[in-house]
Amino acid sequence: MSIDRAVYQQALRSDGEAIAAAGRRDIDAEVPSCPGWTMHKLLAHVGRVYRSVGRHVAERATEMIPADEIPRPPEGDAIGEWFEEGHRFVQEALDGADPDEAVWTWTGQSTMAFYFRRMAHETAVHRWDAEAAFGQSDTIDSDLGADGVSELFEVVLPFAVANWNMTLPDASLHLHRTDGEGEWLLVNDGGRIKMSLEHSKGDAAVRASGTDLLLLSWERIGLDSPGVETFGDADAARAWFALSR
């Protein structure tokens with residue numbers, strides 16, 4: 001499934017605004033889906049990501065900008081305005097970027113298209129976290145959710161597995177989207193993740209909406225959530241989802 005650049009940009013804009021709104025409610029609120037985090041830490045994390053990505057994009061950087069050059073977040077209530085400044089900065093940087101332009105990313109040399117996609121998914125999931133801190137999260141668009149599943153298993157986790165000495169489950173996992181196009185087969189291929197977009201039997205299978213498959217894959221919800229069906233080895237499914245911790 002192909003997602004248009006405008007969809008990513010709209011998700012970044014609206015979900016970032018929703019994070020800011022949640023932060024204005026209470027920066028000390030605990031974020032249950034991110035154990036140990038408060039709203040202040042969520043705003044600090046996402047706001048610093050925005051500043052790092054914004055600089056790489058705005059400067060057309062083809063080498064990594066050192067982390068110590070990225071501003072640290074402030075303490076206290078100033079975090080809200082600091083977050084919003086970062087959100088505006090990354091939006092403006094991406095608005096002026098060509099998706100085909102070269103840029104450094106943490107996967108190595110890539111193009112700006114990487115950041116359009118990554119910022120949309122980073123923001124969507126953390127918007128869900130921010131709203132969950134107050135008991136109710138608006139849904140994530142299902143098509144965007146399905147694209148986020150693909151990004152996680154074809155980009156984010158393969159990088160993590162290669163660099164952080166992670167162990168993959170031996171059993172395979174099939175994911176089936178119930179509200180649109182989308183099927184994934186995840187296999188441990190000699191210690192690397194092999195993802196194929198196909199209808200194929202796995203040792204475990206999970207059926208859910210595109211939104212819920214994304215939230216499952218990022219361990220925001222569990223297999224016992226409404227609308228989620230599990231077949232076969234449920235422990236294998238949990239092991240695959242636990243990779244995103």
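**Helix α3, salt bridges and positive phi values in a predicted model**

With a relative accessibility of 45%, E59 counts as partly exposed, because that class lies between the limits of under 20% for buried and over 50% for exposed residues. In this predicted model, E59 is the partner of R55 in a salt bridge whose closest N and O atoms are 2.8 Å apart. The structure holds 17 salt bridges, and two further pairs are described here together with their positions in the chain.

R127 and D15 form a salt bridge in which the closest N and O atoms are 3.0 Å apart. This pair links distant parts of the chain, R127 belonging to helix α4 and D15 to helix α1, with their positions 112 residues apart. Both R127 and D15 are buried, and D15, R127 and E131 are linked in a network of salt bridges. Helix α4 also contributes R117, which forms a salt bridge with D147, the closest N and O atoms being 3.1 Å apart. Here too distant parts of the chain are linked, since D147 lies in helix α5 (residues 142–164) and R117 in helix α4, 30 residues apart. D147 and R117 are both buried.

Helix α3 comprises 18 residues (residues 78–95) and reaches 26 Å from its first C-alpha to its last, close to the 26 Å expected at 1.5 Å a residue. Its buried residues are I79, G80, W82, F83, G86, H87, V90, Q91, A93 and L94. These residues cover an arc of only 170 degrees around the axis, and they are therefore placed on the same side of α3. An α-helix has 3.6 residues a turn, so residues three or four places apart point the same way. On the other side of α3, E81 and E92 are exposed. The cover over the buried residues of α3 includes α1 (5–25), α2 (39–58) and α4 (112–132).

Two residues in loops were examined for their backbone phi values. Most residues other than glycine have a negative phi. R60, however, has a positive phi, near 50 degrees, although it is a residue other than glycine; R60 is placed in the loop between α2 and α3 and, at 30% relative accessibility, counts as partly exposed. E219 likewise has a positive phi, near 55 degrees, in a residue other than glycine. The position of E219 is in the loop between α6 (210–217) and β7 (229–232), and with a relative accessible area of 31% E219 is partly exposed.

Methods
Residues numbered from 1 in each chain as written. Predicted model: local features only at pLDDT ≥ 70, side-chain atom pairs only at ≥ 80, totals over all residues. Heavy atoms only, no water. Helix = DSSP H or I, 4+ residues; strand = E, 2+ residues; numbered from the N terminus. Expected span 1.5 Å × (residues − 1). Buried < 20%, exposed > 50% of the residue type's maximum accessible area, 1.4 Å probe, protein only. Arc of directions from axis to C-beta. Contact = heavy atoms within 4.5 Å. Salt bridge = Lys/Arg side-chain N within 4 Å of Asp/Glu carboxyl O.
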